[in-house]
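Reader: Before I accept the labels attached to a model, I would like to hear the reasoning behind each of them. Could you take me through it?

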Amino acid sequence: MNNDTQTISIARHLVSKYQTRDPEEIAEALGVQIMRVFDFKRQKGSFKIILNVPFIFVNGNLSEELQRMVIAHELGHAILHKDICLETGGMLEFELFDMVSQAEYDANIFQATLLIDENELLDYLHEGYDIVSIAKMLGVNINLLILKIASMAEEDKEYDFKLPYVPRRDFLGTIEDNAGEL
């Protein structure tokens with residue numbers, strides 16, 4: 001089982017086990033504390049373990065949609081990279097989609113799987129919606145949606161998605177929070 005497959009499997013298991021895609025509910029069920037911080041400037045979030053208690057810190061000035069994405073991303077670190085966080089003191093996020101490291105890529109695949117229901121996505125695609133409209137309807141950034149579609153195509157070769165391009169591992173870069181418009 002490769003890293004992507006294992007990451008997708010873990011996220012799917014959590015959605016099934018807790019019957020929700022809400023990263024805050026899943027974090028609470030797993031004992032991960034979420035703290036909103038209002039004095040972050042550029043930082044979107046972080047994951048830290050303090051006195052053996054896992055914490056997700058999220059910039060409380062971001063839109064609800066982006067906070068949800070940051071929490072899902074950091075939850076990915078909490079589940080997939082706890083050992084790295086214990087060694088380094090935690091993960092800081094200035095760029096939500098900076099995928100220059102395997103850990104960031106894994107957290108983004110986890111986030112995409114957790115937040116985006118494949119059946120709902122497929123329904124929208126079959127109904128003829130474009131990816132910009134689908135991203136808006138799902139309340140996610142278009143880059144996350146493209147990552148999800150690409151990972152679905154990689155996982156199941158029967159999917160024949162017509163993407164404008166095939167994203168590279170580091171294609172996402174930074175996203176800005178435009179008052180809730182992702």
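Reader: Why does tyrosine 124 count as buried?

Author: The model is a predicted one, and in it tyrosine 124 has a relative accessibility of 17%; buried means under 20%, so tyrosine 124 counts as buried.

Reader: What makes tyrosine 129 partly exposed?

Author: Its relative accessible area is 37%, and because partly exposed covers the range between 20% and 50%, tyrosine 129 is given that label.

Reader: How many aromatic pairs are there, and why is the pair of phenylalanine 55 and phenylalanine 57 called stacked?

Author: The count comes to 2 aromatic pairs. The ring centres of phenylalanine 55 and phenylalanine 57 lie 5.7 Å apart with their planes at 15°, and since planes under 30 degrees apart count as stacked, that is the name for this pair. Tyrosine 124 and tyrosine 129 also form an aromatic pair, with 5.7 Å from centre to centre and 90° between the planes; because an angle over 60 degrees counts as edge-to-face, this pair is edge-to-face.

Reader: Is glutamine 67 buried or exposed, and how do you know?

Author: Glutamine 67, which lies in helix 3, has a relative accessibility of 8%, and as buried means under 20%, glutamine 67 counts as buried. Leaving aside neighbours within four places in sequence, glutamine 67 is in contact with Arg36, Val58, Asn59, Gly60 and Leu62.

Reader: Which residues have the most contacts inside the largest nonpolar core?

Author: In that core of 40 residues, they are Leu75, Ile116, Val140, Leu144 and Leu145, while helix 3 (residues 64-80) supplies the largest share of the core, 7 residues.

Technical notes. Residues are numbered from 1 along each chain as its sequence is written. This is a predicted model: local features need pLDDT of at least 70, side-chain atom pairs count only at pLDDT 80 or more; totals for chains, interfaces and linings use all residues. Side-chain values use heavy atoms; hydrogens and water are left out. Rings of Phe, Tyr and Trp (its six-membered ring) pair if their centres lie within 6.5 Å; planes under 30 degrees apart count as stacked, over 60 as edge-to-face and the rest as tilted. Buried means under 20% relative accessible area, exposed over 50%, partly exposed in between (1.4 Å probe, protein chains only). A nonpolar core is a set of buried Ala, Val, Leu, Ile, Met, Phe, Trp, Tyr and Cys residues joined through side-chain atoms within 4.5 Å. Helices (H or I, at least four residues) and strands (E, at least two) are DSSP runs, numbered from the N terminus. Contact means heavy atoms within 4.5 Å.
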